[in-house]
Amino acid sequence: FFFNDTATTEIYTLSLHDALPILPSPEHGGLVDILAVLPEELQETVKHPEKLVLSPPQGLPPRPKVHASSAEWNKIAKALYERGLVRPVRRCPEMEGVKLLNGAFGVPKPGKVTPEGDPVLRFIIDLRSTNFFMAQIQGDTGLLTGAASFQRLIIEDQHELLVSGEDLTSAFYLFRLPEAWADYMVIEKEVPLEALDLEGSGMTRLGVCVLPMGWASAVGLMQAAHRQIALRSRALGGAGLSALAEISRAAVFPDLSEMPAWNIYLDDTTVIEQVE
């Protein structure tokens, strides 16, 4: 969900009615502190966003826009704020006097429609500006493996495969970033403070507080966080899965005759067992 060129993407104008079904509940947005589920070396990187600022960035800064009317954006902004996905910010990054701000738009979620038959939209924060001036965090991107890896499966006679799967709903928006990140992920369209039920008058911009779809580093961090949850012992709140049984681009394919194999692909978990 990282868009370098939105010109090749079918962009939908956002409305709260279309976007709300895909957002997490207010109880679950930003629920997990991502620092608590990252390996130590990545924790240190994520703690210091200021160290990732490129000096100078290359090329001309992009100018993403929020694809929503002011009235609809006020409603969407309130929903995002209530779910802990954004917070008001007082400053934003600049380059030679130009504010480096981000946009937002919707893309249809395949096969999902509202009760009225309208497409359910993925809410995409267009973070091309943040991607422009900040270095990408690779995280566990190099371990991602696609369907081709499963072609290595060899099944013994009189056996078959049992494949189980699960996925995290609104997965990216479950993981909360350190507060400092909001000042580096500022959305361009302002909202009135009163639209957020906050005291005071005037307008404010919003900064992103969670792993946003559209951020170049989101995939690597999401993969790393989900893998850590899978590998961590149950006593520490993890699943306690064996590292030797992981299906990964960087590992030998597991022997299914010894134990079930598992794979994490961002928000999806797959477990493969050989059974009689």
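This is a short selection tour of a predicted model.

**The nonpolar core**

Start inside. Select Ile34, Trp73, Phe123, Trp181, Leu211 and Trp215. The largest nonpolar core has 58 residues, and these six touch the most other members. Now colour the elements that feed this core. Four helices each supply at least two residues: H2 (40–47), H3 (70–82), H4 (128–133) and H5 (218–231). Strands E5 (103–113), E6 (119–126), E9 (186–192) and E10 (203–208) each do so too. In soluble globular proteins, nonpolar side chains tend to be buried together.

**Trp73**

Stay with one core residue. What does Trp73 touch, leaving aside residues up to four places away in sequence? Select Val66, Ala68, Leu80, Ala104 and Phe123. Then add Ile187, Lys189, Glu190 and Val191. Phe123 is, like Trp73, one of the core residues that touch the most other members.

**The aromatic cluster**

Next, select Trp181, Tyr184 and Trp215. Together they form one aromatic cluster. The structure holds two aromatic pairs. Trp181 and Trp215 also appear among the core members with the most contacts to other members.

**Helix H2**

Move to H2 and look along its axis. Which of its residues are buried? They are Leu42, Gln43 and Val46. These residues span an arc of only 110° around the axis, so they sit on the same side of H2. An α-helix has 3.6 residues a turn, so residues three or four places apart point the same way. Show H5 as well: H5 is part of what covers the buried residues of H2. Then turn to the other side of H2, where Glu40 and Glu41 are exposed.

**The cis bond**

Follow the chain onward from H2. In the loop between H2 and H3, stop at Pro56. The peptide bond from Ser55 to Pro56 is cis, with omega near -10°. Most residues other than glycine have a negative phi, and most peptide bonds are trans.

**Two positive phi angles**

Select Glu96, in the loop between strand E3 (94–95) and strand E4 (98–99). Glu96 is not a glycine, yet its phi is positive, about 55°. Is Glu96 buried or exposed? Its relative accessibility is 79%, so Glu96 counts as exposed; the cut-off is over 50%.

Finish at Leu266. Leu266 is in the loop between strand E11 (261–265) and strand E12 (268–275). Its phi is also positive, about 60°, and Leu266 is not a glycine. Here the relative accessible area is 12%, so Leu266 is buried, that is, under 20%.

Methods: Residues numbered from 1 in each chain as written. Predicted model: local features only at pLDDT ≥ 70, side-chain atom pairs only at ≥ 80, totals over all residues. Heavy atoms only, no water. Core = buried A, V, L, I, M, F, W, Y, C linked by side-chain atoms within 4.5 Å. Buried < 20%, exposed > 50% of the residue type's maximum accessible area, 1.4 Å probe, protein only. Contact = heavy atoms within 4.5 Å. Phe/Tyr/Trp six-rings, centres within 6.5 Å; stacked < 30°, edge-to-face > 60°. Arc of directions from axis to C-beta.
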